[in-house]
Amino acid sequence: MCNALLELMKDELDEKREEGIREGESLGVNRINQLILKLSELNRTDDILKAAADREYQKKLLKEFGL
C-alpha cells in the first residue's frame, strides 16, 4: 500500500478510537450520576461519599442497583 493510503487509514482509525473513548466516558458518567441520584433518593449520603473514594465499593453499588 502507498504511504498516503496508510496515513488516511491511520487517521480514520484514530478518529474512531477517540469517538469510542468519548462515548465510553459519557456512558460512565451517566451511570455514576444515576447511582448518585438513586442513593440520594434513599438518603444514603454516606454511601455517595464512600463510593466516590472507594472504586470497589462503587462497583458493588452499581451492581446492587443494576447500573
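Helix axes here are lines fitted to C-alpha atoms over the stretch in contact, with angles running from 0 to 180 degrees between N-to-C directions. With that in hand, let us walk through this predicted model, starting with how its helices meet.

**How α1 meets α3**

The axes of α1 and α3 come within 10 Å and cross at roughly 75°. Angles of 65 to 115 degrees count as roughly perpendicular, and α1 and α3 are therefore roughly perpendicular to each other. On the α1 side, the residues that meet α3 are Arg31, Ile32, Leu35 and Leu39, and their partners in α3 are Gln58, Leu61 and Leu62. Sorted by class, this contact of α1 with α3 holds five nonpolar residues, one polar and one charged.

**How α2 meets α3**

For α2 and α3, the axes come within 5 Å and cross at roughly 125°. That angle lies outside the ranges for roughly parallel, roughly antiparallel and roughly perpendicular, so α2 and α3 are oblique to each other. The crossing of α2 and α3 is left-handed. Here α2 brings Asp47, Lys50, Ala51 and Ala53, while α3 brings Arg55, Tyr57, Gln58 and Leu61. By class, the contact of α2 with α3 has four nonpolar, one polar and three charged residues.

The two helix pairs can be set out as follows.

| Helix pair | Axes come within | Crossing angle |
|---|---|---|
| α1 and α3 | 10 Å | roughly 75° |
| α2 and α3 | 5 Å | roughly 125° |

**The nonpolar core**

Which residues make up the largest nonpolar core? It has six: Leu35, Leu39, Ala51, Tyr57, Leu61 and Leu62. Both α1 (3-41) and α3 (55-64) supply at least two residues of this core. The largest share, three residues, comes from α3. As a general backdrop, nonpolar side chains tend to be buried together in soluble globular proteins.

Leu61 is a good residue to click on if you want to look around this core. Setting aside residues up to four places away in sequence, Leu61 touches Leu35, Leu39, Arg44, Asp47 and Ala51. Among these, Leu35, Leu39 and Ala51 are members of the core as well.

**Three buried residues between the helices**

Is Asp47, which sits in helix α2, buried or exposed? Aspartate 47 has a relative accessible area of 15%, and because buried means under 20%, Asp47 is buried. Beyond its neighbours within four places in sequence, Asp47 is in contact with Leu39, Tyr57 and Leu61.

Tyr57, in helix α3, is likewise buried, with a relative accessible area of 14%. Leaving aside neighbours within four places in sequence, Tyr57 is in contact with Arg44, Asp47, Lys50 and Ala51. Tyr57 and Asp47 are 10 residues apart in sequence, and their C-alpha atoms are 8.6 Å apart in space.

Gln58 also belongs to helix α3. At 13% relative accessibility, Gln58 counts as buried. Outside its neighbours within four places in sequence, Gln58 is in contact with Ile32, Leu35 and Ala51. Gln58 appears among the α3 residues that meet α1, and also among those that meet α2.

**Residues with more access to the surface**

What is the phi of Asn43? Phi of asparagine 43 is near 55°, a positive value in a residue other than glycine. In general, most residues other than glycine have a negative phi. Asn43 is found in the loop between α1 and α2 (45-53), and at 67% relative accessibility Asn43 counts as exposed.

Ala52 lies in helix α2. With 68% relative accessibility, Ala52 counts as exposed. Ala52 and Ile32 are 20 residues apart in sequence and 9.4 Å apart in space, C-alpha to C-alpha.

Finally, Cys2 is placed in the segment before α1. Its relative accessible area is 47%, and Cys2 is partly exposed. The C-alpha atoms of Cys2 and Asp14, 12 residues apart along the chain, are separated by 19 Å.

Conventions. Residues are numbered from 1 along each chain as its sequence is written. This is a predicted model: local features need pLDDT of at least 70, side-chain atom pairs count only at pLDDT 80 or more; totals for chains, interfaces and linings use all residues. Side-chain values use heavy atoms; hydrogens and water are left out. A nonpolar core is a set of buried Ala, Val, Leu, Ile, Met, Phe, Trp, Tyr and Cys residues joined through side-chain atoms within 4.5 Å. Buried means under 20% relative accessible area, exposed over 50%, partly exposed in between (1.4 Å probe, protein chains only). Helices (H or I, at least four residues) and strands (E, at least two) are DSSP runs, numbered from the N terminus. Contact means heavy atoms within 4.5 Å. Angles under 35 degrees count as roughly parallel, over 145 as roughly antiparallel, 65 to 115 as roughly perpendicular and the rest as oblique. A crossing is left-handed if the near helix is turned anticlockwise from the far one by less than a right angle, and right-handed if clockwise. Ala, Val, Leu, Ile, Met, Phe, Trp, Tyr, Cys and Pro count as nonpolar, Asp, Glu, Lys and Arg as charged, and the others, Gly among them, as polar.
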